[in-house]
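Visitor: I would like a close look at a single part of what is shown here, taken slowly and with each term explained as it comes up.

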Amino acid sequence: MTHVSKLTFYGSALLVGAGLLGLTTSAQASATYPPKLQLALEAQVGKPLCVPQCLACHQTNLGGIGTLNVFGQNLKTYGKLMIREPDNVGAKVKAYFDAVKAAEGTGKMPNGDSDGDGMSDEMEIANGDSPSVAFPGGVSLFCPDIKYGCAGGRIAAVRPPRDGIGLLGGALTALGLTATRRWRRARRNQSR
Amino acid sequence: MLKGSGTRKLGGRDSLRAFQRVLAWSVVALFVSFYPSRAHAYAWMIKHSYAGCAVCHADPSGGELLTAYGRAQSDLLLRMRYGKPGGSSAASESAPSSGFDSFDDDEETKPSAPAAPKTDANSGADDDEDAAKPAASESSAPTPSAAAEPAPAAAAASKEMKIDDSSSLDTSGFLWGLVTPPDWLLLGGAYRQLAVYKPNAGSFTTFPMMADIYGQVSVGHLRVEGSIGVIRVGIGSPYGRSAQITGNQGDQWNLLSRSHWVGYDFADGQITVRAGHMNLPFGIRIPEHTMWVRQSTRTDRESAQQDGAALAYNGEKIRGEVMAIAGNYQVRPDKYRERGYSLYAEYLTSPRTAIGISSLFTRAHEDRVTLDPLAHRQIHGAFIRTAFSDKVTLLAEADAMFNTNHEAGYVGFAQLDYEITQGLHLMGTGEVLDQGYDQLLGGVRKTGAGQPAFGGWGTIDWFCLPHVEVRVDTLSRQNDELTVLGQLHVFL
């Protein structure tokens with residue numbers, strides 16, 4: 001295989017791979033869950049809420065499987081809210097709270113007070129408190145005031161083009177620059 | 001009529017050459033303007049007797065921006081050579097050297113590039129063609145060891161490597177050598193596109209994981225380094241957020257800067273004092289930021305950097321860095337900022353084995369990850385990097401964690417790297433995590449939180465082209481789904 005054909009081969013392989021990757025829609029794991037949960041909980045408590053952080057249902061803000069807190073576990077157990085079904089969050093959250101109310105006084109399931117501090121999950125969420133951490137530890141934990149970035153404004157509010165363009169650009173850059181370098185070297189050799 | 005598509009066969013056609021050049025520059029402009037991105041430290045370079053980091057990286061503890069010397073080595077030692085003799089094999093044939101900065105011997109015996117003098121390692125005088133060519137023909141010494149001992153083995157290796165050194169050096173510069181920055185300027189960048197496939201769920205997603213550019217300006221012993229990039233993550237995502245410059249809190253794009261600091265070198269570069277926003281000096285600086293050992297200790301290079309002041313030492317046998325952490329000023333309000341210290345120290349016990357210790361203590365009024373009030377975090381541990389042979393390297397680290405409202409926990413990993421042929425690595429990694437039972441949340445003990453969780457990674461890492469890496473990881477963790485990660489990494 002000559003240098004040129006190698007370049008063509010690997011460059012083509014890179015472009016094909018880049019193209020395949022670029023065809024897919026970019027996404028982040030669970031990116032749609034928090035806003036869906038926000039809408040579901042707002043409908044439940046009847047007032048505007050923040051977009052919940054991972055801590056709403058997980059033990060830490062890193063999220064992840066196997067890290068559900070007690071409220072998240074109750075949503076899963078009694079509301080049947082499962083992983084990878086953000087489109088069903090609204091229905092499953094409603095199902096959880098409906099089940100809680102239906103079972104009230106029966107002793108068949110927790111009375112909608114996941115952390116057992118005497119205030120219902122619904123009430124704590126409406127107050128911005130964590131339904132997973134008993135009072136007073138959970139006060140204001142459902143909507144923490146943490147912010148990121150040096151600037152306060154929304155500088156990059158407009159979404160840029162599809163992510164695949166960047167990948168394609170990277171692949172083309174690699175190919176184009178390598179080709180250019182080889183051409184320059186060939187020209188130098190010719191001039192000697 | 002032109003035959004073939006190769007650039008060499010196009011010689012003589014000026015219009016085509018011009019078109020090719022315009023195309024290349026256009027693509028560069030497109031790439032840089034849309035998705036500028038960084039190179040990473042590869043701790044397994046110890047098998048080439050590169051136990052230290054400072055000569056190949058602007059950061060004295062490794063990672064990101066490459067020095068001129070580092071650029072040359074990345075081309076000679078990292079990438080696949082496709083049948084041509086490479087630096088990796090040559091390096092392994094020669095007798096290893098015995099110090100963290102053994103490459104300094106190189107400059108003594110062979111004064112020209114690519115073995116840039118250590119004091120100039122942070123300059124932009126990298127692969128200038130005029131400088132590189134004589135270096136290739138005269139020394140062709142890709143490793144410290146080859147140069148340190150011009151023994152028969154090293155000489156043979158050197159002879160072999162003359163064959164392709166010029167092409168290597170041609171492509172090692174910024175933008176594959178298309179742009180040659182002045183001596184006082186280092187430029188770099190990286191782009192990582194990640195694809196995530198979960199076979200059991202049948203889900204496939206892909207997104208740009210990293211798009212940064214970085215640079216360093218040197219004025220005498222004074223250095224100013226910084227990075228800037230873009231990122232878009234989901235609402236609530238832990239990634240990227242704490243490196244943001246702009247203030248979008250949702251899933252919009254944000255500008256970010258993972259590092260920006262001012263430093264001053266003393267003692268011929270052995271000692272560096274820095275202040276600014278930096279990687280935390282702790283443990284083995286691996287590129288896998290989601291590895292438990294980096295993620296649970298919050299010492300990864302993804303977005304765990306903090307502001308503060310640091311003192312780094314890179315000696316013959318000992319290297320280390322201690323940082324006073326003043327908090328991350330890209331996170332607000334102040335109650336979420338952690339303050340304390342982080343440090344590591346590493347001792348080179350043999351030419352290709354180094355052992356080290358790490359320690360970290362921070363406190364915050366409120367932990368930004370767990371929201372624990374008056375949170376303290378203590379992490380202390382040890383690590384080892386060793387090369388069993390020319391092809392097999394072991395990295396291992398174990399840390400104990402003592403966090404507020406948690407029982408004592410621990411985290412560790414061991415990674416075995418087998419380089420089948422230069423540029424193609426097979427890696428197997430085992431990891432364990434118990435971050436400690438959360439006494440505040442209570443409930444049952446779970447794997448990873450009160451009980452140990454185990455995980456395993458199988459990796460194929462292919463440095464297929466100059467400054468291009470393709471990597472596939474298969475990741476299986478207890479209580480988690482089987483995940484396949486595909487990654488394209490282009491570093492400028």
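Visitor: In which sense do E8(B) and E10(B) pair, and over how many bridges?

Guide: E8(B) and E10(B) pair in the antiparallel sense, over 8 bridges. Before going further, keep in mind that this is a predicted model, in which local features need pLDDT of at least 70 and side-chain atom pairs count only at pLDDT 80 or more, while totals for chains, interfaces and linings use all residues. Residues are numbered from 1 along each chain as its sequence is written, and chains are lettered from A and ligands numbered from 1 in the order in which they are written.

E8 is the strand that covers residues 318-327 of chain B, and E10 covers 339-350 (strands, marked E, are DSSP runs of at least two residues, and helices, marked H or I, of at least four, numbered from the N terminus; two strands pair if DSSP finds at least two bridges between them). Within this pairing, Ile318(B) stands opposite Tyr347(B), which belongs to E10(B). E8(B) also has E7(B) as a partner, again antiparallel and again over 8 bridges, and there Asp307(B) stands opposite Gly327(B) of E8(B). The link from E7(B) to E8(B) is a hairpin, which passes through 3 residues.

These strands also contribute to the largest nonpolar core, which has 31 residues (such a core is a set of buried Ala, Val, Leu, Ile, Met, Phe, Trp, Tyr and Cys residues joined through C-beta atoms within 7 Å; a residue is buried if 20 or more other C-beta atoms lie within 10 Å of its own, exposed if 12 or fewer, and partly exposed in between, with C-beta atoms placed from the backbone). Among the elements of chain B that each supply at least two residues of this core are E7, E8 and E10, together with E11 (353-366), E13 (392-403), E14 (409-421) and helix H9 (292-295). E12(B) gives the most to this core, namely 3 residues.

Within the core, the residues that touch the most other members are Ala43(B) and Trp292(B). If we leave aside neighbours within four places in sequence, Trp292(B) is in contact with Val411(B), Phe413(B), Glu431(B), Leu433(B) and Gly455(B) (contact requires C-beta atoms, placed from the backbone, within 7 Å of each other). Apart from this core lies another, of 29 residues, which includes Trp176(B), Ala211(B), Ala243(B) and Phe491(B).

Definitions and conventions. Contact = placed C-beta atoms within 7 Å.
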